[in-house]
Amino acid sequence: VDMSCLRLQRRLASDVLNCGKHRVWLDPNENSEIANANSRQNIRKLVKDGLIIKKPVAVHSRARTRAHLLARRKGRHMGTGKRKGTANARMPEKVLWMRRMRVLRRLLKKYRESKKIDSHLYRQLYKRSKGNQFKNKRVLVEHIHRRKAERLRSKQLSDQAEAMRLKKREARKRREERIIEKRRKMLTEGIKEDVEPGTVTGQQAQQVQA
């Protein structure tokens, strides 16, 4: 029996096996027996006997595709001859900007939560980041360290100035006390020299000293 005469059997077998007609294998040595099967029940019996087989799905290998993608990740096949869109279409500037802003803002938030910067410096640096002042995270970190160093330096200078002011104030106060004491002593000694003994009572002398 010619294989072209088994069109009905192939159609029924594809329906029974739930696959396409091209995946149905009919035993070429049993064409006469297969030709007599004209119902789905008979086809099921032939499938059970092994005269009709459902062939496996043809392999569509991705090995070459994977190798190509791996090479592209390394930068191969990405030259000017392979490019179709503009640079902005291939990697939008907006996407790059969003990535940079998220990196900077994430860093600022982490530093604020860990108390490395206060809320005032956080807000100032947040606005400067939005104003495109920091091109990457390294520049922002260096700026933060520089600002903290400047703030520490100014605090040290102000503390030193305050200590110097206190020191001068204390020295001035001691000097004034010494001058007052010296004047009082000189005044007392002058009164003792001017007043003769016995002419002034002790109470009057105390009033004069006071």
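Is Val16 buried, exposed or partly exposed? Val16 is partly exposed, because its relative accessible area of 25% falls between the limits of 20% for buried and 50% for exposed. The model shown in these views is predicted.

**Figure 1. Val16 and its surroundings in helix H1.** Val16 sits in helix H1, which covers residues 7-17. Leaving out residues up to four places away in sequence, Val16 touches Arg40, Ile43 and Arg44. Gln41 is 25 residues from Val16 in sequence, and the C-alpha atoms of Val16 and Gln41 are 9.1 Å apart in space.

**Figure 2. The protein chain as a whole, for orientation.** Nine helices and two strands are present in the protein chain. Starting at the N terminus, the order of elements is α-β-α-α-β-α-α-α-α-α-α. Of the 210 residues in the protein chain, 16% are buried. The exposed surface of the protein chain is about 17,400 Å², with 51% of it supplied by carbon and sulfur atoms. When contacts in the protein chain between residues at least 6 apart in sequence are considered, 58% of them join residues at least 24 apart.

**Figure 3. Helix H6, residues 93-113.** At 1.5 Å a residue, the 21 residues of H6 should span 30 Å, and the end C-alpha atoms are 30 Å apart, so the two values agree. Buried residues in H6 are Met101, Leu104, Leu107, Leu108 and Tyr111. These residues lie on the same side of H6, because they cover an arc of only 130 degrees around the axis. The other side of H6 carries the exposed residues Lys94, Arg102, Arg106, Lys110 and Glu113. Lys115 follows H6 and has a positive phi, near 65 degrees.

**Figure 4. Helix H7, residues 119-130****.** For the 12 residues of H7, a rise of 1.5 Å a residue should give a span of 16 Å; the end C-alpha atoms are 16 Å apart, which agrees. Leu121, Tyr122, Leu125 and Ser129 are the buried residues of H7. They are placed on the same side of H7, because their arc around the axis is only 100 degrees. His120, Lys127 and Lys130 are exposed on the other side of H7. Just after H7, Asn132 has a positive phi of about 65 degrees.

**Figure 5. The contact between H6 and H7****.** The axes of H6 and H7 come within 10 Å and cross at roughly 170 degrees. Because angles over 145 degrees count as roughly antiparallel, H6 and H7 are roughly antiparallel to each other. On the H6 side, the contact is made by Trp97, Met101, Leu104, Arg105, Leu108, Lys109 and Arg112. On the H7 side, Tyr122, Leu125, Tyr126, Ser129 and Lys130 take part. Among these residues, Met101, Leu104 and Leu108 are buried in H6, and Tyr122, Leu125 and Ser129 are buried in H7. Lys130, by contrast, is exposed.

**Figure 6. His143 in helix H8.** His143 lies in H8, which runs over residues 137-194. Its relative accessibility is 10%, so His143 counts as buried, the limit being under 20%. Apart from neighbours within four places in sequence, His143 is in contact with Leu125, Arg128 and Phe134. Of these, Leu125 is one of the buried residues of H7, and Leu125 also takes part in the contact of H7 with H6.

Conventions
Residues numbered from 1 in each chain as written. Predicted model: local features only at pLDDT ≥ 70, side-chain atom pairs only at ≥ 80, totals over all residues. Heavy atoms only, no water. Helix = DSSP H or I, 4+ residues; strand = E, 2+ residues; numbered from the N terminus. Expected span 1.5 Å × (residues − 1). Buried < 20%, exposed > 50% of the residue type's maximum accessible area, 1.4 Å probe, protein only. Arc of directions from axis to C-beta. Contact = heavy atoms within 4.5 Å. Areas by Shrake-Rupley, 256 points an atom, 1.4 Å probe, with all protein chains shown as cover. Axes fitted to C-alpha atoms, helices over the stretch in contact; angles between N-to-C directions. Parallel < 35°, antiparallel > 145°, perpendicular 65-115°, else oblique.
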